[in-house]
Amino acid sequence: MRSELVSQEKNFVTIKVELEATEFQKSINMTVRELTQKINVPGFRKGKVPRNILEMRVGKEGILVEALESIMPDTIDQIVKDYELDLIDQPEMEIEKLEEGEDVLLTLTFEVAPEVKLPELETIEIEKLKVNVTDEMVDEAIKNMQKQNAEHEKVDRAVEDDDVVEIEYVTNVLDEEGKIIKSHEPATVNVDLGLQDLRPGIKEALKGHVANEKVEATVQVEEDYADPEVAGREIRYDMSIKEIKVKKLPPLEAAFFEKTLGHSVDSEEAFREEVKNRLVDRMTQESDTMAENAAVAKVADKTEVELPETLINRQIEHIKKEDTENAQKRFNKTMEEILAESKMELEDYESRVKDQAERAVRQYLVLDALSESFDISIEKEDFESEVEPLATAYNISTDTLLRSVFKDQNRVMEMGSRIRYKKTTKELLSKVSIKEVEKFSSLGNNTEEDIAEQAE
């Protein structure tokens with residue numbers, strides 16, 4: 001095989017290929033043998049069909065094309081290796097000459113990963129939240145641990161802050177005029193008024209009332225609420241109070257310490273110290289993750305790269321497929337029904353998906369370029385570290401779990417990508433300039449909203 005680079009425009013590479021006649025003849029002979037084994041011809045046993053009879057059945061050109069197709073995978077692999085191509089799609093092939101006994105002439109056009117011009121990483125500055133765990137934060141964490149392990153005792157009085165109220169309720173979806181357009185079946189639930197994510201309207205409606213009283217609460221649901229049936233609408237809860245219960249917090253003593261920590265400690269002071277250390281670890285991890293996302297976002301924003309339509313369209317299909325599956329799984333509805341109920345125009349949805357796809361492709365290309373520039377490699381030790389927490393949780397050896405993982409090529413690829421991302425972002429943080437702050441500024445793209453969007 002001989003090849004010659006003809007042109008390279010943007011991320012398309014055109015290469016002329018010449019396959020020697022003797023090389024092609026071997027493929028023809030093999031193709032003929034395989035076809036004679038597959039095709040039934042009256043009067044001839046399989047494998048004994050003469051060449052001229054076979055050509056009458058499938059055509060001489062059909063034999064040549066099939067012979068070429070059988071030799072092309074190895075040919076393409078060799079070209080990719082010779083020219084060090086980073087393919088993002090299968091090449092297009094143009095046949096210039098295809099005759100038995102003569103050299104085959106082809107033109108192959110490869111779509112490859114585009115050039116990525118990374119910025120000077122030292123010029124990138126990101127903000128990182130300082131980790132500062134106060135005594136008040138430790139007190140709150142311990143109080144929450146007590147609440148999670150509290151016993152509930154029935155009381156005969158009006159509802160107060162932090163009570164647990166058992167209610168039977170009906171959810172009514174309202175239209176713009178306040179009329180009920182749909183009511184869900186009655187349900188019974190324990191409502192913990194001490195939870196911070198409880199809608200304020202519900203808490204205020206229940207406070208001051210006693211058992212057997214009926215109350216109602218109307219709340220406005222967010223526009224981006226997961227269920228399109230109620231997103232952006234008013235919901236009225238018709239509630240009947242069944243029981244009012246007060247939380248009896250467990251005392252700060254040895255049994256509680258061991259239950260919450262998983263092991264015993266010598267004193268309340270030692271308990272508080274470990275709670276503080278766990279808060280520091282969690283907040284440090286969250287701060288690091290937010291900093292990594294911010295760094296990737298800023299580098300991507302300052303990177304010069306022309307996004308290939310092939311990758312964008314592939315990502316668009318992936319996003320739409322996930323949206324369709326989620327709509328069916330979570331709401332048992334089609335995406336068309338979801339869009340109609342959320343009052344989102346199809347054009348707006350398509351635009352949103354395209355924006356998501358472009359961001360994802362840009363980030364992928366940037367991370368890939370960063371990984372290459374950092375010379376990131378994945379070793380067996382990296383896989384061991386990745387599966388070790390899971391192995392510990394299931395009480396099996398790391399080697400046993402790894403052997404199971406390595407049997408599934410898809411899992412290996414997925415885990416390898418995750419490890420590569422972690423190592424790349426960690427290395428990136430060591431290259432950029434980091435400014436520790438008490439809270440994020442509103443400048444640049446290093447705001448909390450941008451980081452959250454990037455993390456998604």
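What follows is a walk through the predicted model, from the overall build of the chain to one pocket and a handful of individual residues.

Starting with the big picture, the protein chain carries 14 helices and twelve strands. The chain comes out with a radius of gyration of 32 Å, whereas a compact globule of 456 residues would sit near 23 Å. Laid along the principal axes, the C-alpha atoms fill a box of roughly 100 × 55 × 50 Å. Of the 456 residues, 35% are buried. As for how the chain meets itself, take the contacts between residues at least 6 apart in sequence: 68% of these join residues at least 24 apart.

Next comes the second largest pocket, which holds about 280 Å³ of space. Its lining is made of 14 residues, and those nearest the centre are Tyr169, Val189, Val191, Leu198 and Ile202. Three elements each give two or more residues to this lining, namely β7 (164-174), β9 (187-192) and β11 (234-248). Strand β9 supplies the largest share, with four residues. In terms of chemistry, the lining splits into nine nonpolar, two polar and three charged residues.

One of the residues nearest the pocket centre, Val191, also turns up among the contacts of Leu206. Leu206 sits in helix α5, and it counts as buried because its relative accessible area is 0%, against a cut-off of 20%. Leaving out residues up to four places away in sequence, Leu206 touches Val159, Ile167, Val191, Leu193, Val215, Met239 and Ile241. On a much wider scale, the C-alpha atoms of Leu206 and Lys117 are separated by 59 Å, with these positions 89 residues apart along the chain.

Helix α5 spans residues 200-206, and the loop from there to β10 (214-220) is home to Gly208. Unlike buried Leu206, Gly208 counts as exposed, with a relative accessibility of 52%. Beyond its sequence neighbours up to four places away, Gly208 touches Ala158 and Val159; Val159 is on the contact list of Leu206 too. The C-alpha atoms of Gly208 and Val412 lie 57 Å from each other, and the two residues are 204 apart along the chain.

Asn212 lies in that loop between α5 and β10 as well. Its backbone has a positive phi of about 75°, even though the residue is not a glycine. Asn212 is exposed, at 67% relative accessibility. A similar story can be told for Asn332, found in the loop between α8 (309-331) and α9 (335-342). Asn332 is likewise not a glycine, yet has a positive phi of about 55°, and with a relative accessible area of 56% it is exposed.

Two threonines in helices give a contrasting picture. Thr31 is part of helix α1, which covers residues 21-38. At 3% relative accessibility, Thr31 is buried. A polar atom of the Thr31 side chain lies 2.8 Å from the backbone oxygen of Ser27. Farther off in sequence than four places, Thr31 touches Ile63, Glu66, Ala67 and Ser70.

Thr425 belongs to helix α13, residues 409-431, and is buried too, at 2% relative accessibility. Here the partner for the side chain is the backbone oxygen of Lys422, which lies 3.1 Å from a polar atom of the Thr425 side chain. Once residues up to four places away in sequence are set aside, Thr425 touches Glu292, Val296 and Leu367. For Leu367, the C-alpha separation from Thr425 is 8.1 Å, although 58 residues of chain lie between the two positions.

Lys422 comes up again in the contacts of Glu386, a residue of helix α11 (residues 380-393). Leaving aside neighbours within four places in sequence, Glu386 is in contact with Met415, Arg418, Ile419 and Lys422. With Arg418 there is also a polar contact between the two side chains, at 2.8 Å.

How values were computed
Residues are numbered from 1 along each chain as its sequence is written. This is a predicted model: local features need pLDDT of at least 70, side-chain atom pairs count only at pLDDT 80 or more; totals for chains, interfaces and linings use all residues. Side-chain values use heavy atoms; hydrogens and water are left out. On a 1 Å grid over the protein atoms alone, a cavity is a set of points where a 1.4 Å probe fits but cannot get out, and a pocket is an open set with protein on both sides within 12 Å along at least five of seven lines; lining residues have an atom within 4 Å of a point. Grid points are joined across faces, edges and corners, and a volume is the space filled by probe spheres set on the points. Ala, Val, Leu, Ile, Met, Phe, Trp, Tyr, Cys and Pro count as nonpolar, Asp, Glu, Lys and Arg as charged, and the others, Gly among them, as polar. A polar contact is a pair of N or O atoms within 3.5 Å; within protein, one must be able to donate a hydrogen and the other to accept it, and residues adjacent in sequence count only if both atoms are side-chain atoms. Contact means heavy atoms within 4.5 Å. The radius of gyration is taken over C-alpha atoms; the globule rule is 2.2 Å times the number of residues to the power 0.38. Buried means under 20% relative accessible area, exposed over 50%, partly exposed in between (1.4 Å probe, protein chains only).
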